[in-house]
Amino acid sequence: MSDVLDLACDLIARRSVTPEDAGCQALIAGRLVAAGFAIEPLRYGEVDNLWVTHGGDGPTLVFLGHTDVVPSGPEDAWSSPPFDPALRDGRLYGRGAADMKGSVAAMVVALERFVAAHPRHPGRVALLLTSDEEGPANLDGVRRVAEAFRARGERLDWCVVGEPSSKERLGDLIRVGRRGSLSGTLTVRGVQGHVAYPEKASNPIHAFAPALAELAATRWDEGNADFPPTSFQVSNLNAGTGATNVIPGTLAAQINFRYSTASTAADLRARAEAILDRHGLDWQLDWNLSGEPFLSRAGGRLRETMRAVCLDLCGVEPEQSTGGGTSDGRFIAPLGAEVVELGPVNATIHKVDECVAVDELERLPGLYLAICERLLA
């Protein structure tokens, strides 16, 4: 097998479900030490992070990835065991094949090739890995590393995130920014009672319904040239004791805004709370800001380099998108780095029988290598 396919298989075989790394980073560190890289493990809590660098003064190009994966779900639903990498019909199957052990393997191989070809390159090339990207909180992964980097004045100029960005073929989409994510846990309080005596109770479901209708119908902004309009969604709604004859005393809802640079988190919080007040609810809302929106500006050197690489090596003009969910790039962008995402096709991520096309996986190191050479060689 090729170097990248062999390494991807070795990584997939390690059951690194968040926040476990299962030895992935130690394997990668061993390879890159042998190639002349400096290694700095950064463990916070239960999370393994790895910072690997080669070079000296000058601009820094960092590749960003994660070694953790989501759970496989029912293993008997897979065509082959999710943590036993399998090659079938030109595809590599296994949990993490696309998201994102394939990209991590490609980054490692590209860095090895770049340093071998350009041992005295200007600036620095770097790799940052975490085992806490897929978790719900992301407290001790790249968020924590970015805090440490800010404190010690670490210079980051360009960041390539290996998240699976492509839609139908390698290189047909790069992500040049991401929306912000603002979540909230809402509690609406009522008075529990018997359904036959509603005058002696206060039903929080009934009370919340008009407010929910207004929240769902509100046009929060119109977006802008780079971002779609902000969206509001309720992901969970719970109330009741399970009995059919009891009016519940409380309602709990989990809400989320995916918001553009046309709005701020503070404005969205204030407007949502004003709606709750306007409907006379007895409420409590605990907010969690997962990440602010970020955008790598049009004409930026990394953005233009990645566009040209996709055009030259993949034969496709990439769509330049800010859609999708969040990525760890949201923690790196505030450090001043230009952040762009490029990875394999994302059609099977988090699904049963996750897979990546072998021919595209084997071409991916060439794309990452070309980015290194055009920026630093």
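Q: Is Trp-220 buried or exposed?
A: This is a predicted model, in which local features need pLDDT of at least 70, side-chain atom pairs count only at pLDDT 80 or more, and totals for chains, interfaces and linings use all residues. Residues are numbered from 1 along each chain as its sequence is written, and side-chain values use heavy atoms, leaving out hydrogens and water. Buried means under 20% relative accessible area, exposed over 50%, and partly exposed in between (1.4 Å probe, protein chains only). With a relative accessibility of 5%, Trp-220 counts as buried.

Q: What kind of aromatic pair do Trp-220 and Phe-232 form?
A: Rings of Phe, Tyr and Trp (its six-membered ring) pair if their centres lie within 6.5 Å; planes under 30 degrees apart are stacked, over 60 edge-to-face, and the rest tilted. Here the centres are 6.2 Å apart and the planes meet at 40°, so the pair is tilted.

Q: Which residues join Trp-220 and Phe-232 in one aromatic cluster?
A: Phe-232 is also buried, at 10% relative accessible area. The cluster holding Trp-220 and Phe-232 is completed by Phe-257 and Trp-287.

Q: How many disulfides does a search of the whole structure find?
A: A disulfide is a pair of cysteine sulfur atoms within 2.5 Å. The sulfur of Cys-355 is 13 Å from the closest cysteine sulfur, in Cys-9, which is too far for a bond. Searching the whole structure gives a disulfide count of zero.
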